[in-house]
Amino acid sequence: MDPSVDAPENFSVLDFSWSYQERFRPFADHGDAFLVVSPWGIYMANASPTLIHQIATRRTDWVKPIEHYGVVERFGPNVVTTEGSTWRDHRRVSSSAFNERSNAVVWQESVRQAGKMIKAWKRREGNDDGGGDEKAGMWVEQ
């Protein structure tokens, strides 16, 4: 799809930023999953947890379009930009880094940095009440 071509006003899903602008409205109108067919290709929009699970667990049935991942391949082939046996090799090597313990560390650090960011924004706006880090954690926990 060529983003330089304007999408028709009445069908915003032809614009790549539609999910930020429209949120769930197109799914309410068209269902949990729908196809957008245009001169630039076919695009599937999906908000179905069942279908997402099917796609994620049946890798051989749902081959990803690796030609779209060139920007991620800057440092060479990787788990995102490969398929088949090459993907399995990359997955085997990288999977040990992605576990519950490391995910917990990443989550805690994300909350800490979000709190610092909130605190900096408040200070810039003149609304600094001294809080931030702990408030971000409370917000995230809810």
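**Figure 1. Arg23, an exposed loop residue with a positive phi.** In this predicted model, Arg23 is exposed, with a relative accessible area of 64%. Arg23 sits in the loop that runs between helix 1 (18–22) and helix 2 (25–30). Its backbone is worth a look too: phi is positive at about 55°, although Arg23 is not a glycine. As background, most residues other than glycine have a negative phi.

**Figure 2. Glu22, Arg25 and Asp29 in a salt-bridge network.** Zooming in around the same loop, what links Glu22, Arg25 and Asp29? A network of salt bridges ties these three residues together. Within it, the side chains of Arg25 and Glu22 meet with an N to O distance of 2.6 Å. How accessible is each partner of that pair? Arg25 is partly exposed at 40% relative accessible area, and Glu22 is partly exposed at 21%. The cut-off matters for Glu22: buried means under 20%, so a value of 21% puts this residue in the partly exposed class. In general, side chains of opposite charge can pair when their charged atoms come close.

**Figure 3. Two further salt bridges, Arg58 with Asp61 and Glu109 with Arg112.** The structure holds five salt bridges in total, and this view picks out a couple of them. In one, the closest N and O atoms of Arg58 and Asp61 are 2.8 Å apart. Arg58 is partly exposed at 38% relative accessibility, and Asp61 is partly exposed as well, at 48%. In the other, Glu109 pairs with Arg112, with 2.6 Å between the closest N and O atoms. Where do Glu109 and Arg112 lie? Both belong to helix 5 (residues 100–125), and because they are three residues apart there, about one helical turn separates them. Glu109 comes out as partly exposed, with a relative accessible area of 31%, and Arg112 is partly exposed at 38%.

**Figure 4. The hairpin made by strand 1 and strand 2.** Strand 1 (residues 33–38) pairs with strand 2 (residues 41–46) in the antiparallel sense, over six bridges. Two residues make up the hairpin connection from strand 1 to strand 2. To get your bearings in the pairing, look for Phe34, which stands opposite Ala45 in strand 2.

**Figure 5. A nonpolar patch on the surface.** Which residues form the nonpolar patch? They are Leu35, Val37, Ile42, Met44 and Trp62, and together they have about 520 Å² of accessible area. Strand 1 and strand 2 are the elements that give two or more residues to this patch. Take Leu35 as an example: it is found in strand 1 and counts as exposed, at 55% relative accessibility. The cut-off for exposed is over 50%, so Leu35 makes that class with its 55%.

**Figure 6. The largest nonpolar core, with Ala45 as a way in.** Five residues make up the largest nonpolar core: Trp18, Phe27, Phe34, Val36 and Ala45. What does Ala45 touch once its neighbours within four places in sequence are left aside? Its contacts are Trp18, Phe27, Asp32, Ala33 and Phe34. Among them, Trp18, Phe27 and Phe34 are also members of the core. Phe34 is the residue that stands opposite Ala45 in the strand pairing.

**Figure 7. Thr81, a buried residue in a loop.** Is Thr81 buried or exposed? Thr81 is buried, with a relative accessible area of 5%. The loop that holds Thr81 runs between helix 3 (49–57) and helix 4 (84–94). Leaving aside neighbours within four places in sequence, Thr81 is in contact with Ile66, Tyr69, Val72, Glu73 and Gly76. For a backbone reference, the C-alpha atoms of Thr81 and Lys64 are 8.7 Å apart, with their positions 17 residues apart along the chain.

**Figure 8. The whole protein, for context.** The close-ups come from a protein with six helices and two strands, which follow the pattern α-α-β-β-α-α-α-α along the sequence. Of its 142 residues, 17% are buried. The accessible surface adds up to about 11,200 Å², and 57% of that belongs to carbon and sulfur atoms. If you like contact statistics, consider the contacts with a separation of 6 or more: residues 24 or more positions apart account for 14% of them.

Methods
Residues numbered from 1 in each chain as written. Predicted model: local features only at pLDDT ≥ 70, side-chain atom pairs only at ≥ 80, totals over all residues. Heavy atoms only, no water. Salt bridge = Lys/Arg side-chain N within 4 Å of Asp/Glu carboxyl O. Buried < 20%, exposed > 50% of the residue type's maximum accessible area, 1.4 Å probe, protein only. Helix = DSSP H or I, 4+ residues; strand = E, 2+ residues; numbered from the N terminus. Pairing = 2+ DSSP bridges. Patch = residues over 30% accessible without salt bridge, like charges linked within 9 Å, V, L, I, M, F, W, Y side chains within 5 Å. Areas by Shrake-Rupley, 256 points an atom, 1.4 Å probe, with all protein chains shown as cover. Core = buried A, V, L, I, M, F, W, Y, C linked by side-chain atoms within 4.5 Å. Contact = heavy atoms within 4.5 Å.
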